[in-house]
Amino acid sequence: MKKKGLFITFEGIDGSGKTTQYNLLRGRLRRRGLDPVCVREPGSTVVGEEIRSILLSSDDRPMTLLTEALLYAAARSQLVREVIVPALEGGKVVLCDRFLDSSLAYQGYAGGLGVDTVMAVNAAAVRGIRPHLTLVFDLSVSEALRRERGRKADRIESRGAEYLQRVREYYLELARKEPDRVRVIPAARDIAEIEADVYREVSEGLAALGIDGRG
Ligand SMILES: Nc1ncnc2c1ncn2[C@@H]1O[C@H](COP(=O)(O)OP(=O)(O)OP(=O)(O)O)[C@@H](O)[C@H]1O
Ligand SMILES: [Mg+2]
């Protein structure tokens, strides 16, 4: 099955600026005449949003790490089939705020479930779909905590700084292993500077696929 579109994912620790840059890129691509399909994980399908509310609810519903990983994979499976594959087959640019790498980083590596286990749980869910470009917004845990203060510090603090440090390390190692797909974007800078870097990376990806948005 030929994939004609461009699949771009946004990764990084909590508070690293993913959603900020995702929104800015969406605006830029629209102004360029493209009509990007924009989704977030978990969610962006009816069942996926229901799974999201289970996963992100703050009550202390006991859940094993494996259950959590399976729920993320279930939401992802629905998103891949219902939205991402059809969009790519239609030649669209797809922006996804978090994807498989988040599960590998959070539950697999930092959480201790194991990257191999999380990959196995997700193999059927992603059905071979791999991002063409993954942007990792790299920020120190202390700066991320500072930015998030007052917003949802509770969730982050409940995970702990050490946990997020491991997530950050996983992403940096991933970028070393898959330099063609994964680009580290230093995120301790002005929003506009980061946006320019993101747009440069994405423009290269679009050019490589012959998508210019004006034709
Ligand atoms: N370059 C930046 N400099 C300073 N503050 C920023 C920058 N980018 C984003 N912020 C602010 O930091 C906070 C977190 O940003 P954002 O929500 O984009 O992060 P995120 O990676 O999507 O977080 P989460 O993983 O929790 O969804 C927001 O209050 C945002 O306005
Ligand atoms: Mg976000």
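Which helix supplies the largest share of the shell around ligand 1? Helix 1 does, with three residues. The model is predicted, and this report starts at the ligand and works outward.

## The shell around ligand 1

Fifteen residues surround the ligand; the nearest are G17, K18, T19, T20 and R147. Charged residues number seven in this shell. Six more are polar, and two are nonpolar.

Three helices each give at least two residues to the shell: helix 1 (18-31), helix 6 (141-148) and helix 9 (191-209). Helix 1 contributes three, the largest share.

## Helix 1: length and faces

Helix 1 has 14 residues. At 1.5 Å a residue it should span 20 Å, and its end C-alpha atoms are 20 Å apart, so the expected and actual spans agree.

Which residues of helix 1 are buried? They are K18, Q21, Y22, L25 and L29. These residues cover an arc of only 105° around the axis, so they sit on the same side of helix 1. The general rule helps here. An α-helix has 3.6 residues a turn, so residues three or four places apart point the same way.

The face turned away from the buried side carries G27 and R31, which are exposed. K18 therefore appears twice in this account: it is one of the residues that come nearest to ligand 1, and it is among the buried residues of helix 1.## What packs on helix 1

The buried residues of helix 1 have several covering elements. Among them are strand 1 (6-12), strand 3 (93-97), strand 4 (133-138) and helix 9. Helix 9 also supplies at least two residues of the ligand shell.

Just past the end of helix 1 comes G33, which takes a positive phi of about 95°.

## Strand 1 and its neighbours

How many residues of strand 1 are buried? Seven of its seven residues are, so the strand counts as mostly covered. L6, I8, F10 and G12 point one way. F7, T9 and E11 point the other way, and these too are buried.

Strand 1 pairs with two strands. It runs parallel to strand 3, joined by five bridges. T9 has C96 as its bridge partner in strand 3. Strand 1 also pairs with strand 4 in the parallel sense, again over five bridges. Here I8 stands opposite L133.

## E201 in helix 9

E201 lies in helix 9. Is E201 buried, exposed or partly exposed? It has 17 C-beta neighbours inside 10 Å, so it counts as partly exposed.

Leaving out residues up to four places away in sequence, E201 touches L133, L135 and R183. L133 is the residue of strand 4 that stands opposite I8. From E201 to G90 the C-alpha separation is 22 Å, with their positions 111 residues apart along the chain.

## Two exposed loop residues

G128 is in the loop between helix 5 (115-126) and strand 4. With 10 other C-beta atoms within 10 Å, G128 is exposed. G128 and G12 are 116 residues apart in sequence, and their C-alpha atoms are 22 Å apart in space. G12 itself is a buried residue of strand 1.

T64 is in the loop between helix 2 (46-56) and helix 3 (65-89). It has 9 C-beta neighbours inside 10 Å, so T64 counts as exposed. The C-alpha atoms of T64 and L209 are separated by 41 Å, at 145 residues apart along the chain.

## Backbone points to check by eye

Where does the chain hold a cis peptide bond? One joins E41 and P42, with omega at about -15°. P42 sits in the loop between strand 2 (37-40) and helix 2.

S44 is in the loop between strand 2 and helix 2. S44 is not a glycine, yet its phi is positive, at about 65°. It has 20 other C-beta atoms within 10 Å, so S44 is buried. R98 also has a positive phi, of about 80°, without being a glycine. R98 lies in the loop between strand 3 and helix 4 (100-110). It has 23 other C-beta atoms within 10 Å, so R98 is buried.

Notes:
Residues numbered from 1 in each chain as written. Chains lettered and ligands numbered in written order. Predicted model: local features only at pLDDT ≥ 70, side-chain atom pairs only at ≥ 80, totals over all residues. Near = placed C-beta within 6 Å. Helix = DSSP H or I, 4+ residues; strand = E, 2+ residues; numbered from the N terminus. Nonpolar A, V, L, I, M, F, W, Y, C, P; charged D, E, K, R; others polar. Expected span 1.5 Å × (residues − 1). Buried ≥ 20, exposed ≤ 12 C-beta atoms within 10 Å, placed from the backbone. Arc of directions from axis to C-beta. Contact = placed C-beta atoms within 7 Å. Pairing = 2+ DSSP bridges.
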